[in-house]
Amino acid sequence: MNPAATAIATESRSRYRFLVALLTALLLAMTALSVAVGYADLDLGAAFSDWLAGRASLPALVLVELRLPRALLGALVGFSLGLAGAAMQGLLRNPLAEPGLLGISSAAAFGAVAMFYSGFAGAFLLALPLGGIAGAMLATLLLYALNGRGAGTMALILAGVAINSFAGAMTSLALNLAPNPYAALEIVFWLMGSLADRSMAHIWLVLPLMLLGWALLLSSATALDGLTLGEDTARSLGFDLGWLRARLIGGAALAVGASVAVTGAIGFVGLVVPHLLRPLVGHRPGRLLLVSGLGGAILTLAADIALRLMPIRPELKLGVVTALIGAPFLFSLIQRMRRAA
Amino acid sequence: MQIEARDIAVSLGGKLVLRGIDLSLRAGEMVGLIGPNGAGKTTLLRVLADLLPADAGSLRYDGLTARALGRKTLARRIAFLAQGGTVHWQMRAGAVVALGRLPHRRPFADQNAADHAAIARAMAAADVTGFTERTLDSLSGGERMRVLLARALAVEARMLLADEPLAGLDPLHQLEAMALLRRTAHAGAGVVVVLHDLSLAGRFCDRLVLLDQGRVLADGAPDSVLDDANLARAFGIEVARGAQDGQPYALPWRPIPRKDETAS
């Protein structure tokens, strides 16, 4: 056997482990920073000791009701978006692919908007997330039915275009028919995407769905590697492509649908993060999954911390900030791809 | 490994692409699949690799159907080298070749010593060991093709089905690739290779299968398959014949004028 090849494989594996450890450490630091940064002056030490002692003091309430949900939700949503982006890019073998592309995000947004419009959102807290998940599920079932008929990658993308324009039109219709200007304004704000004013109840609602989605996506890592050489080669390596597509679409719907449902649309995380990290994992789509989740969480938390530190009030919406970063990034990416072609 | 195809028919987009195909493939034999563009060579190879279901006929692997054998087992027994050499991400050559070991890997397990050894053997055989750390976009088309050939060899399957593995190779590497495939076959694996070069096909293959319009026109020893009548009928060409080192060869020489053209 060839000792050089073994050494190279070992080296690449240890480099990957180092990257995962580094990103995990960064994520923990960002989460801590997100808890520490806020509008009210907060004595973190007092807040934590009050909380652990079970005293419902003001600092403890700020920590548990405001800071902690915001930081945790930022990490969870960012992880979901980064991971789902990497997974969709691997499935469609296109660096421009994103959960938004398949229509999952916009269908989730429409599901939530429908809850606003019908007035359920005001009636009970969980209506909004449930509406978002229902929308994502509906889009997923459509994609899944198409997948079951042996549709290829191109058909999935086109189905995404159809779902996107339909969900967009229905969302506009809901705005148009909104019972009063305040309802319309509320919908518009919500569509912009934000981590502010969410509670631990939101987290408990979406966490199981996200975890299931993550498991489905992460379990597809080796199959995505095989797909690098095309669908025939992947199948000849023993991968069941129908089942792989079902896992990836279902996983993305769960993770992204749950995210959009609680935070609104936060775009471009799934596009930017995998692109930046891809060279660091040797362009291997399987290894890109976990690190993109970690990177997505870091980016989302960093953007959310930055908009709280910026002297603009009312604070910018997170979806606006990620779009401001992401849209120019997308254009430069397309330019570079055109030049390479 | 033995593949038995009986009376295979395939329609794609309403057009009958293959019909009445009977074919027996066995280990230790190098079979060249030749025929004009659109004869159904790629389709037949995909059917044999269980990548495309046949509309009619039966296909047996060592006497079993693909379903009975199981997807994972079939993946370890049959290696498939796709046409065109598409690589969607710019991975390093070493990582690409390592993909050939995926059928042998248990879920979530890392490469073991046997995998490393197989990868090193395959890379040495295809003469790509020096490219291990190079990304695929830094290689020429022919070099990339050899990396993909190494990927298919790394499976160490009992049957290798290769669709135009010579595409983009220079003459030296064409000769070396054919010699490598022949060695692979004579070391005990079955090899089926789609070729366009009739002289290489005639020289290196133990047996040729000539497809024309979705049917097997001829199947047998290269000399008998590459006779004037078959070549005229399938390709519409005349060949120039000669011999070197006691081996006969046939070179495409001129098109045979079509009947409607001679009439006018």
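Mentor: Before we begin, a residue is called buried here if 20 or more other C-beta atoms lie within 10 Å of its own, exposed if 12 or fewer, and partly exposed in between. Please keep in mind throughout that this is a predicted model.

Trainee: Which residues of α6(B) are buried?

Mentor: Helix α6 of chain B covers residues 141-154, and it is mostly covered, with 12 of its 14 residues buried. By the cut-off just given, the buried residues are B:E143, B:R144, B:M145, B:R146, B:V147, B:L148, B:L149, B:A150, B:R151, B:A152, B:L153 and B:A154.

Trainee: What do the buried residues of α6(B) pack against, and what is the phi of B:E156, which follows the helix?

Mentor: The packing partners all belong to chain B, and they are the strands β5 (78-81) and β6 (159-163) together with the helices α4 (93-98), α5 (113-125) and α7 (171-186). The 14 residues of α6(B) should span 20 Å at 1.5 Å a residue, and the end C-alpha atoms are 20 Å apart, which agrees. After the helix comes B:E156, whose phi is positive, near 50°.

Trainee: How many residues of α4(A) are buried?

Mentor: Helix α4 of chain A runs over residues 104-118 and reaches 21 Å from its first C-alpha to its last, close to the 21 Å expected. Just after this helix, A:G119 takes a positive phi of about 90°. The helix is largely enclosed by the rest of the structure, because the buried residues number 14 of the 15.

Trainee: Is A:A302 buried, exposed or partly exposed?

Mentor: A:A302 lies in helix α14 of chain A, residues 285-309, and its C-alpha is 9.9 Å from that of A:A75, although the two are 227 residues apart in sequence. Since A:A302 has 17 C-beta neighbours inside 10 Å, it counts as partly exposed.

Trainee: In the open sheet of chain B with the order β2-β1-β4, which strands stand at the edges?

Mentor: The sheet has three strands, and the pairing is antiparallel. At its edges each strand has a single partner, so one side of each is left without a neighbour in the sheet; these strands are β2 (15-26) and β4 (56-61) of chain B.

Trainee: Which residue of β4(B) stands opposite B:A5, and at what angle does helix α1 of chain B run to β1(B)?

Mentor: Strand β1 (residues 2-12) of chain B is joined to β4(B) by five bridges, and the two run antiparallel. The residue of β4(B) opposite B:A5 is B:L59. Helix α1 (residues 41-48) of chain B lies across β1 and β2 of that chain, and its angle to β1(B) is about 125°.

Trainee: What is the radius of gyration of chain B?

Mentor: Chain B contains 11 helices and 11 strands, and its C-alpha atoms fill a box of roughly 65 × 40 × 35 Å along the principal axes. Of its 264 residues, 45% count as buried. A compact globule with 264 residues would have a radius of gyration near 18 Å, which agrees with the value for chain B, 19 Å.

Trainee: How many polar residues are on the side of chain A that touches chain B?

Mentor: In this pairing, 24 residues of chain A are in contact with 29 residues of chain B. The elements giving two or more residues to this side of chain A are α1 (3-36), α10 (221-227) and α11 (231-236) of chain A. By class, the side of chain A that touches chain B has seven nonpolar residues, six charged residues and, as the number you asked for, 11 polar residues.

Definitions and conventions: Residues numbered from 1 in each chain as written. Chains lettered and ligands numbered in written order. Predicted model: local features only at pLDDT ≥ 70, side-chain atom pairs only at ≥ 80, totals over all residues. Helix = DSSP H or I, 4+ residues; strand = E, 2+ residues; numbered from the N terminus. Expected span 1.5 Å × (residues − 1). Pairing = 2+ DSSP bridges. Contact = placed C-beta atoms within 7 Å. Axes fitted to C-alpha atoms, helices over the stretch in contact; angles between N-to-C directions. Nonpolar A, V, L, I, M, F, W, Y, C, P; charged D, E, K, R; others polar. Rg over C-alpha atoms; globule rule 2.2 N^0.38 Å.
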